[in-house]
Amino acid sequence: MDFDLTEEHRLIRRTVREFVDREVLPYAAGWEEEGSLPERVFGVMKELDLFGLPFPEAYGGVGSDYLAYILAVEEIGRASGSLGLTYAAHVSLGAAAFHHFGSEEQKRRWLVPCARGEVLAAFALTEPDAGSDAGGIQTAAVRDGCEWVINGTKCFITNGSLAGYVVIAAITDREKGIRGISNLVVPAGTPGFHIGPGYRKLGLRASDTVELVFEDCRVPVDHLLGSPGDGLRQSLRVLDGGRISIAALSTGIAQACLDASLIYARERVQFGRSISGFQAIQFKLADMATEVDLARLAAWRAAWLKDHHRPYTREAAMAKLFASEACVRAALEAVQIHGGYGYTEEYPVARYLRDAKLMTIGEGTSEIQRLVIARQLGC
Amino acid sequence: MHLRFLVCIKQVPETTEAKINPKTGTLIREGIPSIINPFDMYALEEGIRLRDRLGGEVVVMSMGPPQAQAAVKEAIALGVDRGILLSDPAFAGADTLATAYTLAKGVEKLGGADLIICGKQASDGDTAQVGPGLAEELDLPHATYVRKISAITAGEITVERLVEGGIEVLRMPLPALLTVVKEINEPRLPSLKGVMRAKRAEVPTWGQAELGTDPARTGITGSPTQVVQVFTPELRRQGELLAGTAAEQAAVLIERLRAAAMI
Ligand SMILES: Cc1cc2nc3c(=O)[nH]c(=O)nc-3n(C[C@H](O)[C@H](O)[C@H](O)COP(=O)(O)OP(=O)(O)OC[C@H]3O[C@@H](n4cnc5c(N)ncnc54)[C@H](O)[C@@H]3O)c2cc1C
């Protein structure tokens, strides 16, 4: 048993931390007001090779591992949930789908530019009538000669209007039910691929979330990722990995809640003493610190299992469930510790609370995580 | 022209307020992570930029305990081509003189360099002596506190030195040595690909056997410096508030300054 990070992981974390302190922390609140992320930050991330962190060098990546990527997500999440979600959707949803399921040719075509940070990727599974029930999607692709003709609507798609490539789940063989679902790659700008307006969200406003509409949208047959009918299995595997990144993002936001609360509790004086002297506040801080640590350990373990090619579905769901709920608790308590000031934009904790809530919803709600865990228990 | 730029770096404790053990008078290093001396980051950045602009190679060299390999690797992650660690139990406890001698032997073994760049000083010792000392050992011209390299050709370099009250422009033949100040550039972050390259990089360690150093001139034996006492100076901020109207206060102030022969 060894709880120490390797020199490689330490150096990667320190590099990302410095990047975040310099390029993200001072601007994150402003990005939320603007409702978008600036080009500049993507440029710096590309220079750092952040987009290709867990992918092999042969495909334009850095050749590190999932744990390194998880460390990066947490660091970014600590400063900007929006940038963290954007980064996570690119790496562990879109690009990961190319990495895990693309043929050699497909990896060269799509993974390489994603790993190099030349384009962003998105992963579109959710539909207006199919959220938790991913097998219930209605988007369909019909074969016409050497093309697929896609019709349908995807909703809540992160990076949807920024992405160069969108992976979409579509029914390619209606007869086969859930075994007739395949994942297709649709490049931005393909005729018939329309991007709807962004949602007015509770938080994570700088993160791009849009509806995608496909109207007789044609892609070549070789845009089907991996083998036909493998779509749902692919999506569930992609989500297993993605959940670890949501656990890390939750840990980052929760850590930010703790850091802000600790500073505030020491500074704020009431009844002639700093409020951190009151046991009621101390207990809140102690609980937050404990949960942040446990959330991080759970995420690290799931990433470690993935890196060692061991089963991790259960551990990823547990990490996501615990970390996301701990994140919401931490954000609520952070606002509470800040009192009235916490309810204003003067302090960052109101933003943390808004961002935290998505963590228990995206990439499978808490209820769905419990279902996954129960299924793993043999229920 | 194939130029070789050599950057000398030191691993130091990561803290701007290192505590001193009052009993032993030495720095408390336990539990404090080590980093590359912050001033050396500017030297590394300048070396990498010169290599990128003019070609050739940039090499990093550090003298220190085996753990200092981490600093050398970090420099490789930043973009340095290769690194060498000078490490031997015989080098331990070196003062600035012994360090300059040991580094000079390292430079000789390397086959020299066209330009050696050091940070202006180390954040732990604050002496600013090793750079100039190394230049003397190698019999090279040097310029300290360089804030800009204005021109560099195969045989010559022109630099701007930050001196009290102004800028001094110096032209020197190469090979030469510079120590640089933070005004010279803005250091980059390592790239993550660089981190992976550094992980795989072999960092050769040269000790007494490889360098052929004279044991009488290295480590504690070769260090004439004697630290008599190290202490934390007491912070004394005794201000005096003058009373009265502005005019009265001004009068008192002028009187005081005159008495102190300051005006
Ligand atoms: C900001 C944001 C970004 C997103 N990014 C993406 C993206 O990039 N790609 C993508 O494909 N999707 C994305 N989503 C969609 C997200 O994954 C879904 O919102 C989520 O899976 C829940 O689906 P739903 O919204 O349809 O809720 P529903 O499935 O309708 O759930 C409603 C409620 O019912 C509960 N419920 C549903 N089924 C069960 C059950 N069997 N047992 C118990 N309770 C149940 C749920 O837990 C929830 O509480 C994003 C969503 C948001 C808000």
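**Exercise 1. Classify Lys176(A) by accessibility, then describe its salt-bridge partner.**

Step 1: Lys176(A) has a relative accessible area of 53% and is therefore exposed (buried means under 20% relative accessible area, exposed over 50%, partly exposed in between, with a 1.4 Å probe and protein chains only).
Step 2: Asp173(A) forms a salt bridge with Lys176(A), and the closest N and O atoms are 3.6 Å apart (a salt bridge is a side-chain nitrogen of Lys or Arg within 4 Å of a carboxyl oxygen of Asp or Glu).
Step 3: Asp173(A) counts as partly exposed, at 26% relative accessibility.

A word on conventions before going on. This is a predicted model, in which local features need pLDDT of at least 70 and side-chain atom pairs count only at pLDDT 80 or more, while totals for chains, interfaces and linings use all residues. Residues are numbered from 1 along each chain as its sequence is written, chains are lettered from A and ligands numbered from 1 in the order in which they are written, and side-chain values use heavy atoms, with hydrogens and water left out.

**Exercise 2. Find which helices the salt bridge between Arg40(A) and Glu23(A) ties together.**

Step 1: The closest N and O atoms of Arg40(A) and Glu23(A) are 2.8 Å apart.
Step 2: Arg40(A) belongs to helix α3 (residues 39-47) of chain A and Glu23(A) to helix α1 (residues 7-23) of chain A, so the pair ties together parts 17 residues apart in sequence (helices, H or I with at least four residues, and strands, E with at least two, are DSSP runs numbered from the N terminus).
Step 3: Now compare the accessibilities: Arg40(A) is exposed at 54%, whereas Glu23(A) is buried at 12%.

**Exercise 3. Place Glu75(A) and Arg78(A) in their helix and in a salt-bridge network.**

Step 1: Both residues sit in helix α4 (residues 66-79) of chain A, 3 residues apart, about one turn of the helix.
Step 2: Their salt bridge has its closest N and O atoms 3.0 Å apart.
Step 3: Glu75(A) is buried at 3% relative accessibility, and Arg78(A) is buried at 16%.
Step 4: Arg17(A), Asp21(A), Glu75(A) and Arg78(A) are linked in a network of salt bridges. Over all chains, the whole structure holds 38 salt bridges.

**Exercise 4. Describe the contact between chain B and chain A.**

Step 1: Count residues: chain B brings 16 and chain A brings 20 (contact means heavy atoms within 4.5 Å).
Step 2: The two chains bury about 1500 Å² between them, 62% of it on carbon and sulfur atoms (buried area is the accessible area, 1.4 Å probe, that two parts lose on being put together, summed over both). Leu189(B), Leu192(B) and Lys193(B) supply 44% of the area that chain B buries against chain A, more than any other three residues.
Step 3: Between the chains there are 4 salt bridges. Arg22(A) forms a salt bridge with Glu186(B), with the closest N and O atoms 3.7 Å apart.
Step 4: On the side of chain B that touches chain A, β3 (34-36), α2 (69-78) and α5 each supply at least two residues. The largest share, 6 residues, comes from α5(B).

**Exercise 5. Trace the surroundings of Met196(B).**

Step 1: Met196(B) lies in helix α5 (residues 192-200) of chain B.
Step 2: Its relative accessibility is 3%, so Met196(B) counts as buried.
Step 3: Leaving aside neighbours within four places in sequence, Met196(B) is in contact with Glu8(A), Val62(A), Gly63(A) and Ser64(A).
Step 4: Met196(B) and Ile76(B) are 120 residues apart in sequence and 9.7 Å apart in space, C-alpha to C-alpha.
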